Every structure is written in structure tokens, then in C-alpha cells.
Amino acid sequence: MQFTANGGFVRRWGARGTTNGLFSGLVGVAVDAAGSVYVTDEGNHRVQKFTASGTYVSQFGNVAGSGLLGSPSSIAVNGSGNVFVTDAENERIMKYTSNGVFITGFGSRGLGDGQFRDANGVCVYASGNVYVADSGNNRIEKFTNAGGFLGAWGTGGTGPGQFQGIGGLSADSRDNVYAVDSGNNRVQVFTSTGAFLTQWGSVGSGNGEFRGPTGADLDGAGNIYVIDGANQRVEKFGWLPTPVRTSTWGRVKRLFR
């Protein structure tokens, strides 16, 4: 579904199925600079590309020899139009051109540097670096645009810089990382090197509270949209310079992961 910045319904497209424009487990959504919309179709093991108005364009990730995907989840697009997808079954990140041509993949299952246990989110900075939510290891890993490992931060727990399952990542123009800490019902913010900046949220159904948040994204004005999973809504926050809730709408199960 597509909404205005204030939650006004614009349009929707798609239904359950396996053919072009249909989905079996819609999990992640990303939009490039030209307005094209990329959707991870988890059950069909593919990414589908649409125009901003929902017209089907193409698909990729489900054809042998072109970077096959297994249950793709999170998705992000960088300034050059390259598409990064979390390949959940294979615990890796796959990189494609905007037309779906496979470029490279990086990562594997494990506990070491550059490895993942439930790679549950990906975002790309203006600088080109790639950040991955390694949810099972309760950490964020940082890579170059080509997949070279640069560093990691985070452990399991409830304190600042600790996580109980990372639901998703986003980034702003200041190269800050926003991590949805699902088990702790909060959002944490870090610098690009992992220094803790701030956090907000607690368990509940009131304004600024969450129950199992599953993802977040930012718009060009710096507003922050959080998917409040169990409360089936989207909450919008402004940065003043700490997040202040500005609106809430909907009863949605999940838009991002």
C-alpha cells in the first residue's frame, strides 16, 4: 500500500499468487531515486520491480545463473541504483543492478566477522557503506559497497548498544544508523562507527510506545516511520533533535523487515 507522509491512503496493488505482480509473503520495500519500487516476494524467492504507480516492470533473483535468492527479506537501494537484498536462507547479502543483473554476494552463516545468524535488515548510506542487521548475533555489521567487512557493534542485552533481536535498519543523511530493537521495544540511533547516540520507545500501545516493532524508514525531511507490529500501526516521529511523535495511523501487520 502507498500512503502520503501523513498517512493518507494513495493506492495499493498486488494479491496472493505466483505470476507477475502477485506475491507470496511480501516482506520488504525500497524505492530508488527515480521512484521505482522494489518488493521482496519472500515465498516466491524473488524481487519484483514496479513503477511508482504500481505497474509491474520486471523481476529477478529467481532465475538460475542470475544470483538466486532463498526467502529474500530486507531490501535497500543505494545512490547508484544498485539493489541490496538479504538472502535469508543462505545468510548472505546479494547485490544487483537496478535491472536485476547480479553483481556480487557476501556473507555466510556463522558468528565471525562478515557472517550472520538471521540477517534481518540492510541499509545503505550516502557514503556507500552497507549496514546489515545480524539479528541472531544481536549486532550490526558494516561493509564496503563491494562487501568488504569494516566492523561490527552490539551484543545481547537491554542496555544502550545492546539488542534483543534487530527488526530492521535505516540511515539518514548524517550517516546515522537507526536500529529497531524489537525485543526491547525501542529504536536505537548510532553514528556510522557504532557510537550510541540516543534511543526512544518502551513496551505499550500508547503514543511513542511499541509492541514488537519490525522496521523503520526515514523520508527526505528526516521524519522517522516505525512499523509497530503487534499494535498494527505506523508511528511517525520528527527529529527535534530527539525523536518526537507527530502522528500514528493504520492497522498494519508488517511493511518492513
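**A chat about an all-strand model**

Visitor: Let me start in the middle: Asn185, buried or exposed?
Guide: Asn185 is buried, because its relative accessible area is 10% and the cut-off for calling a residue buried is under 20%. Please keep in mind that this is a predicted model.

Visitor: And where does Asn185 lie?
Guide: Asn185 belongs to the loop that runs between strand S20, residues 177-181, and strand S21, residues 186-190. Its backbone is worth a look too, as Asn185 has a positive phi of about 50° without being a glycine.

Visitor: What sign does phi have in most residues, then?
Guide: Apart from glycine, most residues have a negative phi. Asp118 is another non-glycine residue here with a positive value, about 70°, and Asp118 sits in the loop between strand S12 (115-116) and strand S13 (119-124).

Visitor: How does Asp118 come out on accessibility?
Guide: Asp118 is partly exposed, because its relative accessible area is 31%, whereas Asn185 has 10% and is buried.

Visitor: Stepping back, how many helices and strands does the chain have?
Guide: The protein chain has 26 strands and zero helices. Buried residues account for 52% of its 257 residues, and the C-alpha trace spans about 45 × 45 × 30 Å along its principal axes.

Visitor: What does the radius of gyration say about it?
Guide: The protein chain has a radius of gyration of 17 Å, and a compact globule with 257 residues would have one near 18 Å, so the value agrees with that expectation. As for the contacts, if one takes those between residues at least 6 apart in sequence, 38% of them join residues at least 24 apart.

Visitor: What about the surface, how much is exposed?
Guide: The protein chain exposes about 10600 Å², and 49% of that is supplied by carbon and sulfur atoms. On the charge side, there are 21 positive and 18 negative charges, whose mean positions are 6 Å apart.

Visitor: Since we're on charges, how many salt bridges are there?
Guide: A search of the whole structure gives nine salt bridges. One of them joins Glu141 to Arg139, with the closest N and O atoms 3.3 Å apart, and Asp134, Arg139 and Glu141 are linked in a network of salt bridges.

Visitor: Is that Glu141 buried or exposed?
Guide: Glu141 is buried, because its relative accessibility is 0%. Its partner Arg139 also counts as buried, at 11%.

Visitor: Which residue pairs with Glu235?
Guide: Glu235 forms a salt bridge with Arg233, and the closest N and O atoms are 3.2 Å apart. Glu235 is buried with a relative accessible area of 0%, and Arg233 is buried with 10%.

Visitor: And what is the partner of Arg174?
Guide: Arg174 forms a salt bridge with Asp172, the closest N and O atoms lying 3.2 Å apart. Here Arg174 is partly exposed at 47% relative accessible area, while Asp172 counts as buried at 10% relative accessibility.

Visitor: Then there's Lys95: what is the nearest side chain of opposite charge?
Guide: That is Asp32, which is 15 Å away, and Lys95 has no salt bridge even though Lys95 is buried. Lys95 is part of strand S9, residues 92-96.

Visitor: So what is Lys95 in contact with?
Guide: If one leaves aside neighbours within four places in sequence, Lys95 is in contact with Asn82, Val83, Phe84, Val101, Phe102, Ile103, Thr104 and Asn145.

Visitor: Back towards Asn185: where is Val187?
Guide: Val187 is in strand S21, the strand that follows the loop holding Asn185. Val187 is buried, because its relative accessible area is 0%.

Visitor: What surrounds Val187?
Guide: Beyond neighbours within four places in sequence, Val187 is in contact with Tyr178, Ala179, Thr198, Gln199, Trp200, Phe210 and Val226. Phe237 is 50 residues from Val187 along the chain, and their C-alpha atoms are separated by 11 Å.

Visitor: Last one, the start of the chain: is Met1 buried or exposed?
Guide: Met1 is exposed, because its relative accessible area is 59%, and Met1 is found in the segment before strand S1, residues 2-3. Among residues outside the four places next to it in sequence, Met1 is in contact with Phe9, Arg11 and Arg12. Met1 and Trp13, twelve residues apart in sequence, are 6.8 Å apart from C-alpha to C-alpha.

Note on methods
Residues are numbered from 1 along each chain as its sequence is written. This is a predicted model: local features need pLDDT of at least 70, side-chain atom pairs count only at pLDDT 80 or more; totals for chains, interfaces and linings use all residues. Side-chain values use heavy atoms; hydrogens and water are left out. Helices (H or I, at least four residues) and strands (E, at least two) are DSSP runs, numbered from the N terminus. The radius of gyration is taken over C-alpha atoms; the globule rule is 2.2 Å times the number of residues to the power 0.38. Buried means under 20% relative accessible area, exposed over 50%, partly exposed in between (1.4 Å probe, protein chains only). Contact means heavy atoms within 4.5 Å. Accessible areas come from the Shrake-Rupley method with a 1.4 Å probe; for residues, only the protein chains shown count as cover. Lys and Arg count as positive and Asp and Glu as negative; His and the chain ends are not counted. The place of a charge is taken as NZ of Lys, CZ of Arg, CG of Asp or CD of Glu. A salt bridge is a side-chain nitrogen of Lys or Arg within 4 Å of a carboxyl oxygen of Asp or Glu.
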